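Me: Please take a close look at the cysteines here, and then carry on to the helices and how they pack. I would like one connected account rather than a list.

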Amino acid sequence: MSHSPVFNVSPETLSRTRVNASQYAQMYARSLSNPEAFWAEQAQELLEWRAPFHKTLDWNFHTADVRWFEGGKLNVSENCLDRHLATRGDKIALIWEGNEPGDTRSITYRELHRAVCETTTLLRSLGVKKGDRVAIYLPMIIEAAVCMLACTRIGAVHTVVFAGFSAEALRDRINDCGCSLLITANEGLRGSKTIPLKATADVAVEECPSIRNVLVVQRTDAPCDMRPDRDMWYHQALAGLSGADDSTPEPMDSEDPMFILYTSGSTGKPKGVLHTTAGYLLYATHTFRYVFDLQEDDVHFCTADIGWITGHSYVLYGPLSNGATSLMFESVPTYPDAGRYWDIVERHKATIVYTAPTAIRALAKEGDEYVTRYCRDSIRLLGTVGEPINPDAWLWYHSVVGEGRCPIVDTWWQTETGGVMISPLPGAIPTKPGSATRPLFGVQPLIVDEQGKELLGNGVTGRLCIRFPWPGMMRTVYGDHERFRQTYFSTFPGLYFTGDGCRRDEDGYYWITGRVDDVLNVAGHRLGTAEVESAIVRSGAVAEAAVVGVPHDVKGQGIAAFCVLHADFSPTNDTRTKILATVREVISAIATPDHIWFVAGLPKTRSGKIMRRILRKIGEGEYSAVGDVSTLAEPGVVAEIVQLVETSRATKK
C-alpha cells in the first residue's frame with residue numbers, strides 16, 4: 001500500500017543510529033554482490049575464534065545442504081561470557097524480573113560466568129559430554145540461561161521445552177532427540193497460576209527411557225516427589241561439588257549442532273529445528289546489533305519466553321554475545337494488571353522493548369491509562385515479533401507507548417531462520433505501519449507465483465522465498481533430513497520456501513500476509529487472513545480478530561471471523577454491521593465475513609501465536625477434530641468457542 005503513512009525517525013534519533021540510509025544501501029549492495037566476503041568479514045569482526053575457518057560457504061538448496069565457516073572452531077559460552085570479562089566483567093548481563101512486581105535480581109558478566117562454570121562442572125560430573133542432548137523445562141529464571149550456556153560450554157545440544165507444555169509434549173520432544181538429562185523446577189509461577197513442572201516432568205519421564213538424571217531447580221518452597229536414584233536438587237548438587245573445576249570450554253566445529261527447538265503447533269511427529277554453532281551465533285549477534293541499533297548503555301527488554309526462538313536469539317545469545325544487558329521476565333503482561341510492562345520499563349530504565357502484536361492488542365484493549373501512568377522516557381526503540389502486526393495496533397504502540405518519538409522495528413523471521421530476516425533499521429529505513437519493510441544484509445527474498453515463477457517489480461503478491469543461504473538458517477530437521485528437504489526446498493526447487501504469503505508494494509516494501517495455508521480463496525479471489533483481520537480491527541470495535549476459511553456452497557470458501565471486542569462494545573447487530581461496513585470499505589465486498597462470532601478469547605500457544613488450525617476445524621463444524629489443546633495458553637477457550645458456534649448454528653436453523 002503505497003498510500004500508507006510513512007514514519008521517519010527524529011533528527012535526535014538519527015544522530016546516534018548505527019546505520020543511516022546511505023550506509024544501509026551500500027552495505028546491502030555489498031552483501032548481495034559478494035555474500036561470502038561480507039559474512040566472512042562479519043564473522044571475523046563479531047566473533048572470537050579458536051581456529052580460523054578455511055571455507056566460508058558450501059551449499060546446495062536442491063539437496064538442502066548448507067555449511068558455513070568450515071574448519072573454524074569456537075565456543076558459544078566463551079563468546080557470550082569469557083571475552084567480555086576484561087572490559088565488561090562488572091556490567092549487568094541479565095536483569096531478572098520475577099512473577100511478582102519488584103521481585104528482581106541482577107547478575108553481572110563475571111557472576112554469570114562463574115555460575116555457568118559451576119553448572120558446567122556439575123553437568124560433566126553427571127556424564128554429560130559433547131553431542132549429548134539435554135532437555136531444559138524451566139520457567140523464565142536466571143537458571144534457565146545458566147543451564148543453556150553451560151550446555152554450550154560442554155558442546156551438549158540443548159532443547160528447551162516451554163515450561164507450560166503438557167507431559168505428552170515434553171515426552172515427545174525428549175524421545176525424538178534422545179535426551180539423557182532433564183533440567184526442570186519444582187514449580188513455575190505465571191501470573192496468578194502455579195505450574196506443577198516437576199509433577200508434569202515425572203509423568204513425561206515415565207515414558208522416556210533415555211533420561212538418566214533429572215536436575216530440579218527450587219523455584220518455590222513447595223515440596224515435590226524426588227526419586228533418589230534419578231532426581232537431585234540443583235542447588236544441593238552444586239553445593240556437593242568437590243571444588244574441582246571442570247569448566248573448560250569445548251572447542252566446537254562451526255557446523256557442530258548447538259540446539260534443537262521444536263516448532264509450536266506441529267502435528268504428528270515433532271519437528272526438531274536444528275541450529276549449528278557458528279552460523280547461528282553469528283547471525284544472532286549480527287542481527288541483534290543492527291536491528292536494535294545497539295548502544296553500550298542499552299537495557300534490552302525482550303518479553304519472549306526463553307522456550308521460543310525469540311528468547312534464544314534476543315533474550316540470551318544475541319544480547320550476551322554483544323556484551324549487552326538483557327532483561328528476562330517471568331510473568332505475563334497483564335499481571336497484576338495491564339500496566340506490568342511499563343512498570344518494568346520505569347523501574348529498570350529499559351531502552352528497547354521487543355514484544356508480540358498479540359500482547360500489544362491485548363494491552364491496547366485495556367486502555368491507555370495503564371501505559372501513561374508510568375514514565376517511559378528511557379525507551380528509544382520499540383519492536384514487534386511473531387506475526388504480522390495490524391496497522392491500528394502499530395499506531396497505538398507508536399503513539400501511546402512510544403509517545404510518537406520511538407522507531408518501531410516490525411521484524412519478520414522464523415524459528416527456522418535463526419534471526420530477523422526482514423525489518424526496518426532505525427535511521428536507515430522509514431517505516432510503514434504493518435510492513436516489515438526491507439530485507440537485512442545478505443538476505444535475498446523473492447516473491448513467486450503458485451508455479452514458482454518469480455514475480456518481478458513492485459506491486460506484486462505471492463509466496464515468499466529466499467534464493468541464497470544466510471548463516472543463521474536451520475541445517476536440518478533432527479533425525480530426518482528428507483523431511484527438511486521436502487518441507488522447505490521441494491515446493492519451489494532451488495529456493496527456500498518460507499511458507500508465508502507476501503506482498504511487495506509500489507515502494508518495494510514487504511508486507512507479510514500470513515501463512516500460505518491461511519490464504520483464503522473466496523470465489524476465485526485470494527485474500528490473506530492478516531489483511532482481513534486488520535480491516536476488522538480497523539472498525540474500532542474489535543481488539544483482536546482471527547479469520548479462517550469455511551466451506552461455502554456458492555463461493556467455494558467463505559470467511560469466518562472470531563472477534564474479541566473492546567470492553568466498551570457489545571456483541572450486537574449494530575457492532576456486526578459496523579465491522580462488515582469497515583471490511584467492505586477497507587478491502588472490498590469480496591472480503592465480507594460470512595460468519596462473525598464474538599468470543600471472549602482466542603486459542604493461542606504460549607508464545608502468543610493464534611492457532612487458526614483449531615478455529616478452522618470449529619468453523620467447518622468438525623468440533624471433535626480440534627486435536628490436543630493441552631499446550632495452549634488457555635485450553636478452556638476452545639470449549640467455549642465450540643459451544644458458542646454450535647449454539648449460533650442451531651439458532652439459525
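Reply: The structure, which is a predicted model, holds 0 disulfides. Two cysteines illustrate how this comes about. The sulfur of C117 has its closest cysteine sulfur in C80, at 13 Å, which is too far for a bond, and C117 itself counts as buried because its relative accessibility is 10%, where the limit for that class is under 20%. C177 is likewise in no disulfide, although the nearest cysteine sulfur, that of C179, is 3.4 Å away; a disulfide would require the two sulfur atoms to lie within 2.5 Å, so the pair does not qualify. C177 has a relative accessibility of 2% and therefore counts as buried.

Burial can also be followed along a whole element, and helix α9, which spans residues 197-205, is mostly covered, with 7 of its 9 residues buried. The buried positions in α9 are L197, K198, T200, A201, D202, A204 and V205, a set in which K198 and D202 appear alongside residues such as L197 and V205.

Turning to the packing of helices, two packed helices are described by the angle between their axes and the distance between the axes. Helix α3 (residues 35-46) and helix α11 (residues 277-291) have axes that come within 10 Å and cross at roughly 85°, which makes α3 roughly perpendicular to α11. On the α3 side the contact is made by F38, W39, Q42, A43, E45 and L46, and on the α11 side by L282, Y283, T285, H286, R289 and Y290. Sorted by character, the residues of this contact of α3 with α11 divide into 7 nonpolar, 3 polar and 2 charged.

A second pair is formed by helix α7 (residues 142-154) and helix α12 (residues 309-321), whose axes come within 12 Å and cross at roughly 60°; α7 and α12 are therefore oblique to each other, since an angle has to reach 65 degrees before it counts as roughly perpendicular. The crossing in which α7 passes α12 is right-handed. Here A145, M148, L149 and T152 of α7 meet H312, L316, Y317 and L320 of α12, and the residues of this contact of α7 with α12 comprise 6 nonpolar and 2 polar, with no charged residue among them.

Note on methods: Residues are numbered from 1 along each chain as its sequence is written. This is a predicted model: local features need pLDDT of at least 70, side-chain atom pairs count only at pLDDT 80 or more; totals for chains, interfaces and linings use all residues. Side-chain values use heavy atoms; hydrogens and water are left out. Axes are lines fitted to C-alpha atoms, for helices over the stretch in contact, and angles run from 0 to 180 degrees between N-to-C directions. Helices (H or I, at least four residues) and strands (E, at least two) are DSSP runs, numbered from the N terminus. Angles under 35 degrees count as roughly parallel, over 145 as roughly antiparallel, 65 to 115 as roughly perpendicular and the rest as oblique. Contact means heavy atoms within 4.5 Å. Ala, Val, Leu, Ile, Met, Phe, Trp, Tyr, Cys and Pro count as nonpolar, Asp, Glu, Lys and Arg as charged, and the others, Gly among them, as polar. Buried means under 20% relative accessible area, exposed over 50%, partly exposed in between (1.4 Å probe, protein chains only). A crossing is left-handed if the near helix is turned anticlockwise from the far one by less than a right angle, and right-handed if clockwise.
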